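Reader: I would like to get to know this structure step by step. Please take my questions one at a time.

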Amino acid sequence: MLGRRKIQLKSDAELAAMARAGVVTSRALDAAVAAAVPGATTADLDRAFRAVLDEYGAESNFLGYYGYPATVCTSVNEEVVHGIPGERELRDGDIVSIDGGAVVAGWHGDSARTVLVGESQDPADQELSDVTRAAMWRGIAAMATGTHVGDIGLAVENHVRGTVGGRLGILEDYVGHGIGTEMHMAPDVPNFAIKHRGPKLVPGTALAVEPMLVRGGIETSVLADDWTVVTVDGSRASQWEHSVCLHSRGVWVLTAEDGGASGLEPLGIHPVPIPGS
């Protein structure tokens with residue numbers, strides 16, 4: 001947990017600059033997702049992401065972060081988060097979460113998507129990814145309509161429990177976070193209901209909303225590489241994430257090129273472009 005560190009509030013001009021990092025992040029993820037095919041290695045996904053960063057002159061906010069050795073995290077099957085890309089080949093039927101970010105002019109973007117690899121996809125994996133993604137959008141919608149950070153986690157949990165009951169577990173050891181001139185900033189953004197509602201949601205707030213769900217128990221462990229987090233029971237996992245801001249006129253998903261319209265408008269939320277963007 002990040003404790004009681006001060007939350008960084010941004011001006012509309014700063015959020016507009018931050019949106020440029022978000023767009024690069026989105027396009028780099030597009031390339032990594034397209035590379036996630038049977039026979040590709042997780043290092044191939046990293047190279048695809050890195051190539052887009054290079055194309056835009058952006059930096060990776062993952063590479064070198066506390067010694068992290070790659071530009072993305074590639075978490076396969078029972079790996080929940082922070083999987084290190086390497087020579088592991090993706091197989092038909094795998095599920096992989098790709099998490100990465102870009103830094104442009106000192107501002108950070110951070111986003112993650114889950115990909116089902118190949119044609120032999122387990123319907124339970126599809127449900128896992130679909131529910132995780134939908135829960136993320138409910139959390140983002142709650143950021144737009146709620147009053148406190150805790151409203152986000154409540155919306156995530158309510159969607160998961162209302163859709164699948166206890167069939168999927170919501171990870172509690174790892175949560176979302178503030179983002180801006182650093183990748184991980186205050187406040188923590190839990191993906192579950194909390195007793196205290198947390199800080200107020202005000203214009204200038206930028207958060208990474210990132211639910212992580214598993215098909216089994218929520219107990220995790222860290223592998224010998226000191227990064228890769230896996231489920232103790234070997235159950236499969238999914239992660240979806242967007243960086244989102246509240247500005248003077250509304251909400252905008254920084255890491256979605258349409259500002260989040262495709263995910264939010266079905267929920268009755270209409271994202272508004274950041275003034276000056």
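Reader: What is the relative accessibility of Ala105?
Author: Good place to start! This is a predicted model, in which local features need pLDDT of at least 70 and side-chain atom pairs count only at pLDDT 80 or more, while totals for chains, interfaces and linings use all residues. Residues are numbered from 1 along each chain as its sequence is written, and side-chain values use heavy atoms, leaving out hydrogens and water. With buried meaning under 20% relative accessible area, exposed over 50% and partly exposed in between (1.4 Å probe, protein chains only), Ala105 counts as exposed, at a relative accessibility of 74%.

Reader: What is the value of phi at Ala105?
Author: Ala105 is found in the loop between β4 and β5, where helices (H or I, at least four residues) and strands (E, at least two) are DSSP runs numbered from the N terminus. Although Ala105 is not a glycine, its phi is positive, at about 55 degrees.

Reader: His82 has a positive phi too; is His82 buried, partly exposed or exposed?
Author: You can look for His82 in the loop between β3 (79-81) and β4 (95-104). Its phi is near 70 degrees, in a residue other than glycine. Because its relative accessibility is 25%, His82 counts as partly exposed.

Reader: Which residue follows Ala186 across a cis peptide bond?
Author: Omega is near 0 degrees for this bond, and that makes it cis. The residue asked for lies in strand β8 (residues 185-189). The bond runs from Ala186 to Pro187.

Reader: How far apart are the C-alpha atoms of Lys6 and Pro187?
Author: Lys6 is in the segment before α1 (12-34), and it counts as exposed, at 80% relative accessibility. Along the chain, Lys6 and Pro187 are 181 residues apart. In space, their C-alpha atoms are separated by 8.0 Å.

Reader: And how far apart in space are Ala144 and Ser235?
Author: Ala144 is in helix α3 and is partly exposed, with a relative accessible area of 31%. Ala144 and Ser235 are 91 residues apart in sequence. Going from C-alpha to C-alpha, the separation in space is 33 Å.

Reader: How many salt bridges are there?
Author: First we need a rule: a salt bridge is a side-chain nitrogen of Lys or Arg within 4 Å of a carboxyl oxygen of Asp or Glu. By this rule, the number of salt bridges is 10.

Reader: Which residue forms a salt bridge with Asp44?
Author: The closest N and O atoms of this pair are 2.5 Å apart. The two residues are three apart in helix α2 (residues 42-56), so about one helical turn separates them. Asp44 is partly exposed at a relative accessible area of 29%, and its partner is also partly exposed, at 46%. That partner is Arg47.

Reader: How many residues apart in sequence are the parts tied together by Arg215 and Asp122?
Author: The side chains of Arg215 and Asp122 meet in a salt bridge, at 3.5 Å from N to O. Arg215 lies in the loop between β10 (212-214) and β11 (220-222), and Asp122 in the loop between β5 (107-116) and α3 (123-145), so the parts this pair ties together are 93 residues apart.

Reader: In the salt bridge of Asp125 and Arg236, which residue is buried?
Author: The side chains meet at 2.6 Å, N to O. The pair links distant parts of the chain, 111 residues apart: Asp125 is in helix α3 and Arg236 in the loop between β12 and β13. Arg236 counts as partly exposed, at 23% relative accessibility. With a relative accessible area of 1%, the buried residue is Asp125.

Reader: Which residues are linked with Asp122 in a network of salt bridges?
Author: You have already met the members, including the Arg215 and Asp122 pair and the Asp125 and Arg236 pair. The residues linked with Asp122 in the network are Asp125, Arg215 and Arg236.

Reader: UniProt lists a domain; which residues does it span?
Author: The unreviewed UniProt entry gives "domain: Peptidase M24"; positions follow the numbering used here, feature names are shortened, and annotations may be inferred rather than shown by experiment. The span is 31% helix and 26% strand, and its end C-alpha atoms lie 13 Å apart. The record places the domain at residues 17-244.
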